[in-house]
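I opened a fresh page to keep track of what I looked up, beginning with confidence and ending with how one chain is divided.

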Amino acid sequence: MTAKPKMSAKNVGVSYNGKVALSEVSIDFLEHDVISLIGPSGCGKSTFLRCLNRMNDTIDGCVVSGEIQLDNYNIYSSEIDPVEVRARVGMVFQKPNPFPKSIYDNICYGPRIHGMANSRDELDEIVEWSLTSAGLWEEVKDRLNEPGTGLSGGQQQRLCIARSIAIHPEVILMDEPCSALDPIATAKIEELLGQLRSKFTIIIVTHSMQQAARISNRTAFFHLGELIEEGKTDDIFTVPKDERTQSYITGRIG
Amino acid sequence: MNTFSFICIFLIVLSGAYIFGHRYALSSVKNSTELHSLPSYHGFYVAIWFAFPALIVLVFWYFIEPIIIKSILLESIRTTALLGSTTPDLLLNDIKNLATNSFALKSASAVKLELVNRYLELKSLGIYLKIVILFSIGMLGIFIARKKLSPKMRARQSVERVFTLVLGVCSIIAILTTIGIVLSLLFESIRFFNKVSPAEFLFGLHWSPQTALRSDQIGASGAFGAVPIFAGTLLITLIAMIVAIPIGLLSAIYMAEYASPKFRNWIKPTLEILAGVPTVVYGFFAALTVAPVIRGFGESMGLSVASESALAAGLVMGVMIIPFISSLSDDIINAVPQSLRDGSYAMGATKSETIKKVVLPAALPGIAGSILLAVSRAIGETMIVVMAAGLAAKLTANPLEAVTTVTVQIVTLLVGDQEFDSPKTLAAFALGLVLFVVTLILNIVALIIVRKYREKYD
Amino acid sequence: MINPMPKSIDRGPNLSAERFVKRYRSEKCFKYLGLFAIGIALSMLIVLTSSIIFKGHSAFWQTHIAIDVQITSEDVASISNANFRGITRTSIRSEFPEVKSRRDKKQLYKLFSNGISFEIKEYFFKNKIQSGGIYRVWVKASADIDMLRKGFINRDLEETNRRISDKQLKWYDQLDQEGRIEKKFNVTFFTAADSREPEQAGILGALVGSILTLFITLILSFPIGVGAAIYLEEFAKKNYWSDLIEVNINNLAAVPSIVFGLLGLAVLLNWFGMPRSAPIAGGAVLALMTLPTIIISSRSALKAVPPSIREAALGMGASRLQTMLHHVVPLAMPGMLTGAIIGMAQALGETAPLLMMGMVAFIVDVPGNLTDAATVLPVQIFLWADAPERAFVERTSAAIMVLLLFLVTMNLVAILLRKHFERRW
């Protein structure tokens, strides 16, 4: 029996000012999966990722076609508010972007605007839970009032992850979250992702095949704006069905 | 010979020197490629040797001539009986004024007439001497230059060195201006503080700058306590800021975040027109349109409103300052990186929430800097307050009363005929010093804040 | 494994409809607040300009009255010797033979401007009248009559509260019925210098003074400013001194204009002994004020020229100075000129420093050269704004309109210049 997918995309296409960046992408994401989107640079994987939480709406001249379902409804239908979508589908960016506020206020930002806490104590609890879940609590618990921008690169990225999970999203999108970090920080975040999947569905864009092999259980390969192949990570890397996938994996294209 | 013809002849000889150098260089070789530098540089070389020594002498002459004339005339004055009633400087001024005022000459005394004639003689002698010396030195320069001319001479290097020096001098003029401002303000202020103590000036509460024309005149006591003036400046600036900051900031937010690029391209320059209107026009508007409206409004509500209320001047000044805040803040808000906004949108925040909670706090240092610059502009503004604010130095917080500001007092104290030495005129310089220092500090602090903010994001 | 969230806070975001309504209401409010602020600022601009135009447009018309001048052939033969004052008064009185008393006669003459005898003389002189007779000449009415014609004087007030007596009103109505009162274009406004009488006052003196002053400002500030910009951009080493100069220039650009006036007073007038009130002194002060602006705009014009041009020139063996003068500066010149025009526009509107330099006296002659006493247009506006006569209010506004027209033109020229020469490297 196939489980009902958490999110599914049907014939999604994206064009910027008339120039097609993505065409006819259909894919399902099951709950609690960690899915990697891989492919050479410029293949459209980040563009696709940004469709999943309607971040492409903020770009002028960007037109999205097709359907994307979250649970039961199409997030691109005109009755659905992108603000609501983004509260349920969180995002972590390539370059860590903590707000120029204290660590505490960074985490509280989401809960405050979404009315998730009734008192200061509840906010404290949310902050502690988020930072603990992101593996950052021990390192910053004594300096919650210091600016978030004062942390190291890896810590900042974990802060951004903590910030995202503080509002209880159901799906977390990650756009090459480790590409700006050193290997030690990368390892810490990969370890964190392993723990996060128990609670969230994670869709991660990565340019490193090794990372995809390490952390995800499913993988999708994009090339020149098309979804070429998608399946279990092991299958994709050992017995790819399409020869383009084969070429990418063996390093002939990329 | 008047200045214009002098300049013409100077320029003609200058061109002659250039042509001479040019021709000489070409004629001294068979083939022009044997010259090190282009003939034009040889020409410039000769021209420079003509002009520069002459100009240097001219500058010296300009400073020395008045001194020499003064000492010669003083000699003649000593022999006359006029010295008893007045000082030599005043007498000298008198003579100089009489020399240009043919009307008054008819009724001047014989002794004075003689002095005036002497003065005019000296002046015309000076002019003849000047011309002779200048041209002789110029000719000497040309002669020396000719001696130095040769095909191998590095004329271009020398000419370029001189030219670069001239450019360097141009850039020093900015420093000279600042030094000039500081020194002139300091000098006169020190002379003022010799007559009125700094403590009384900075902390005194009574401003009534009278000085005696004669030492025995009644009403000779002048009070120079500037606190009411500072208070007046602060009151009007405060009113202006209350108008300008909300309007400027909200306009900037709309332009930076909500407006379409086409709208912004039109609105931003249009708002900047407000800053381009001459302040005298604002003053007229404030005095003739705004003040009566405020007065009528206030009186219909039963309040007593002065005809030159601080409110009228402050409101109009606020309107003038709006573009300072809106344009600068618009640039600053645009400089906030898009990644911060993306982070906020990705968490499901609306646009206004993002602006209020993420963008504005991030832009705050820069906006604070722009506000400081606007305050500095408001404090230094003159014409609006001269025309719409009052002269009475009242210490009050009521915007409906008339107050006076630092700039108004500087203008009133100096416009008109006064001696240059009385405490009244010197007080203007002391006020000017305070104004300069305060605006300087505000500008520097604003600059530091904005620079620190830029460093964070670039 | 992640610890599950404590039940007490395991709520998830509040995505209820009512919260969304609240959030979007505040979003709309915020957005319209911004638009409202822009609207207020724009409406202030509109109120300012329309109030000036409203007050000033009537100044371009001056009420004239037609007089039938009786002149003899002897007077016509020697115009310069004729007593036009007498002729004028006689001609006026012949229209109103019933006016006898001295006081009444004075009131009658007051219907007209007090300079009309010169106007009539001019008429005969210009038109080369050869024979005596009666000629109809249009002369300027007095300022009060002008105000009456333009509707600024309320006829219903008590006579003692009016500037025009009942008798004068009667004569005015009589002349009007005969069709001898007309408004004509106010040429005097543009051809005369300042005057105590509003109907004889014009802005020519101030305009010429402004032009002379700006001329001095331009020839002093443009070469020095461009020279300084070239030096700072190209030749100055990046050390303590160049930083100091740069901070200095930025500061000078923000110093209040009245401080420059004090500088001019103390140094230029007192120490150097320049002639007070002269365009050369005023122009020098304005040049010092405009210098920072020109330096800053010239520097950015020079910076905009790509280094590849410099490298190409240097690569051909040109010296640094030759590179600058032959290649970079010509390419940057449009930007520099734009900055200069904008600087001149700012200088045109400056008043405060010129007040300190003494250009505030009452000047009745149009200045002839750079050392004559003169005034400038903004100062003229300032002086007229203080004048008590009602007629000066409209003239002040009209002068402001002329000033604004100059400024708008200069700025438009600068913008067109910039757009025309804008290059995309």
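My entries on confidence, one interface and one pair of domains follow.

I first noted that this is a predicted model, in which local features need pLDDT of at least 70 and side-chain atom pairs count only at pLDDT 80 or more, while totals for chains, interfaces and linings use all residues. Residues are numbered from 1 along each chain as its sequence is written, chains are lettered from A and ligands numbered from 1 in the order in which they are written, and side-chain values use heavy atoms, with hydrogens and water left out.

**Confidence.** I looked up the scores for the complex and found an ipTM of 0.90 and a pTM of 0.87 from the predictor. For chain C, I found an average pLDDT (the predictor's confidence in each residue, from 0 to 100) of 88, with 98% of the residues scoring at least 70.

**Chain C against chain A.** I read that 18 residues from chain C and 23 residues from chain A take part in the contact, which means heavy atoms within 4.5 Å. The two chains bury about 1,900 Å² between them, 59% of it on carbon and sulfur atoms; buried area is the accessible area (1.4 Å probe) that two parts lose on being put together, summed over both. I then searched the interface of chain C and chain A for salt bridges (a side-chain nitrogen of Lys or Arg within 4 Å of a carboxyl oxygen of Asp or Glu), and the rule finds zero.

**Chain B.** I noted domain 1 (3-153) and domain 2 (223-457) in chain B, with bounds from an automatic or database domain assignment. The C-alpha centres of these two domains of chain B lie 49 Å apart.
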